[in-house]
Amino acid sequence: NQNFHVELYDVEEDPQNAVGVITSIQGAIDGGVVESGDDIHCWKLDISTYDYMTYTCCLPLHIDCKCETFTAEVTLQEATRGYRNILDQEGPLFVFAYCSKSSTMGFVRDIIEERTIHLRRNEAIPSTPGRHELTNEVPYQPNHGTLDILYRDDVIAVARYRTMDLYSTLMVRSALQSHQSGATIPDITPFQSILYPGTFDPLYEASFLRKPNQTLSASPNTIVLVSADFTGCYGLSAAPTPTSNPSSPATFTYEQLGHMAQPVPWSFCVVWGPSGKLFATLSESELAISYTVKGQGKLDMNGTTPENYLARWEIPARLADVPLVLDFDETTGTCVAVMACGRTWVKRSSTFPKCSSAAYPASEGLASESPETAREVANPVPEPVRWPIIHPLPLQDGVSTLSAKPHPIAPGWSDEVAKYFPHKNQVGYYGGTPWFVHEVARIPIRHYFSKDNARTSAGEVKEGWAKTVLFSISELNDGSYFRGYDEVIEVHPLPGATGLKPGFWLLQVESSREWNFYKLRRLKGVNTIVEYLRKPGAHIEYLCERRPFVKWPIDQTKLDQFVCWRLRSFEGFGRPETIPVSSFTPEKRP
């Protein structure tokens, strides 16, 4: 295990010097919530890490305090272990997405009594939301993920890929009190599940508004869920309807909120303000703050989405980089954007160029940045490469430089994956097969980020893995990312995480951005696939599970971010232009 530290900055007064440091954090941080109490001299910050550790940090910061003297003395204590990705908190009850003892998601943990309840997803919801209006396809609709959890005194809301699941807070508290510490984690089912109306694909990014504004919610008790991707902004509001029986949970009526605003193109990070009036988006070359309106109608190709930019700034082209983390303070309009190279941009909406209209061209470097200005920042250099430790390492060398062509195991196909793509099936590599299945296809496997596991192969774990077993020989050609290629991938999902069984999948890369993922029929093994491909006129597509072919819904935002990074960093397929491959080895990781 590796120890990390957290630096605290006052971005308003002195963004260059840390006012406090939290040391001895075990693992990289994956979530945090701020507790605001009655003591104006001290706030509490609860953080969780990828190593399933949770800490409570007491922050005696100079917040709303008029004292003449002030000393930032940060204290740290362990809150609990075995959980990660903290999403909410109320007193001793902490809400997490993951538990080390379970492959499912959504947990409420009493850190004092050391008792836990699992918020189980509803298995009885319809398997599909209907057929697509244009293609008439019956889609796959995964619903195993947990995007956000909102804890309230009356209800606990869980945002999943397809549904908003509502749980009775009273029943959760009662179950926690009756649960014996150390026993098997019990679960509780939702009293209501709301299918996201007007959507065909699942949501892979969504947040609950902690303080929804009146524009988006009719009453203060309304739950508002918001999401943003390349199609625009989507929202769902759910308001409780009182019941005659006080002991029964209220039924929630819902309304779709569509076309609220338009994020900047190719946005990879989205952060909503607590009220939802403003949200910030970040791409590799642009940072923007937008305001929302209450849109009408469902999301479709004919809808009109306003470009409500409050402030917009274009990062100078020579400083463009992979966006890693974005944070946004709605009250002050301050954005903090962290890029993969280690550079941090701190900007306020008042320092952005004034946008007189939606079509106003964003200027380069006109506004001042902190801690550095664009004019003072040197051009990026390949050495040393400051690749973030919480991000998978880039796939090292792509195609191995071998002169001999592979021996086809079937016409146009090869199974010599390790020979020509030595890192493709190793976990922890950005762009590898385990990364694609876990992050883009959103099929849970054991996907590691730590350098100790960076070279682990799929066959070294018994369950929860994915590896490429066949690839079309065209993948070895220059520019194969643009001309297309096929792969057969064997996937063994984590048991219990989804309803998927181990099997084979087909990845078809049509172009740099068009990647299609199909589930193949139940087959005995890869030899069955090879025997079929050896037949005259055989096409791999005819082994797909569904006809007509139905794509598995992938996370297009994750894929687009990888495409942007690859187009900027590599020429063709896996051939570095300016960045030495040796720089990406785990030993040289910062």
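Let's start with one term: a residue is called buried when its relative accessible area is under 20%, exposed when that area is over 50%, and partly exposed in between. With that in hand, K424 counts as buried, because its relative accessibility is 5%. Keep K424 in mind, as we'll come back to it. One thing to know before going on: what you have in front of you is a predicted model.

Now take a step back and look at the whole thing. The protein has six helices and 35 strands. There are 590 residues, and 52% of them count as buried. On the outside, the protein exposes about 27,500 Å², with carbon and sulfur atoms supplying 49% of that area. How much of the contact count comes from residues 24 or more positions apart? If you take the contacts with a separation of 6 or more, such residues account for 58% of them.

Next, the charged residues. Side chains of opposite charge can pair when their charged atoms come close. A search of the whole structure turns up 14 salt bridges. Let's walk through a few of them.

One pairs R120 with D187, and their closest N and O atoms are 3.6 Å apart. R120 sits in the loop between β10 and β11, while D187 belongs to strand β14, so this pair ties together parts that are 67 residues apart in sequence. Both ends can be seen partly from outside: R120 is partly exposed, at a relative accessible area of 34%, and D187 is partly exposed as well, at 40%.

Here's where K424 returns. It forms a salt bridge with E475, and the closest N and O atoms of the two are 3.3 Å apart. E475 is in the loop between β30 and α4, and K424 is in the loop between α2 and β29, so the bridge links parts that are 51 residues apart in sequence. Is E475 buried or exposed? E475 counts as buried, because its relative accessibility is 0%. Its partner K424, at 5%, is buried too. K424 also gives you a handy landmark for W435: the two are eleven residues apart in sequence, and their C-alpha atoms are 9.4 Å apart in space.

Further along the chain, E545 forms a salt bridge with K519, with 3.5 Å between the closest N and O atoms. E545 lies in the loop between α5 and α6 and K519 in strand β33, so here the parts tied together are 26 residues apart in sequence. The two ends don't share a setting: E545 is partly exposed, with a relative accessible area of 36%, whereas K519 is buried, with 10%. Elsewhere, salt bridges that share partners join D88, D148 and R210 into one network.

What about a charged residue without such a partner? Have a look at R115, which you'll find in strand β10, covering residues 115-119. R115 is buried yet has no salt bridge, and the nearest side chain of opposite charge, that of E113, is 4.4 Å away. That distance does not count as a salt bridge, because the nitrogen and the carboxyl oxygen have to be within 4 Å of each other. R115 does have something polar beside it, though: a polar atom of its side chain lies 3.3 Å from the backbone oxygen of L176.

Just before strand β10 there's a backbone detail to spot. E114, in the loop between β9 and β10, has a phi near 60°, a positive value in a residue other than glycine. E114 is partly exposed, with a relative accessible area of 45%. Y52 is another case: it isn't a glycine, yet it has a positive phi of about 60°. You'll find Y52 in the loop between β4 and β5, and at 25% relative accessibility it counts as partly exposed.

Let's finish on the surface. Which residues form a nonpolar patch there? They are Y291, V293 and L310, and together they have about 240 Å² of accessible area. Y291 lies in strand β22, which covers residues 286-291. At 37% relative accessibility, Y291 counts as partly exposed.

How values were computed. Residues numbered from 1 in each chain as written. Predicted model: local features only at pLDDT ≥ 70, side-chain atom pairs only at ≥ 80, totals over all residues. Heavy atoms only, no water. Helix = DSSP H or I, 4+ residues; strand = E, 2+ residues; numbered from the N terminus. Buried < 20%, exposed > 50% of the residue type's maximum accessible area, 1.4 Å probe, protein only. Contact = heavy atoms within 4.5 Å. Areas by Shrake-Rupley, 256 points an atom, 1.4 Å probe, with all protein chains shown as cover. Lys, Arg positive; Asp, Glu negative; His and termini not counted. Polar contact = N/O pair within 3.5 Å; in protein donor to acceptor, adjacent residues only side chain to side chain. Patch = residues over 30% accessible without salt bridge, like charges linked within 9 Å, V, L, I, M, F, W, Y side chains within 5 Å.
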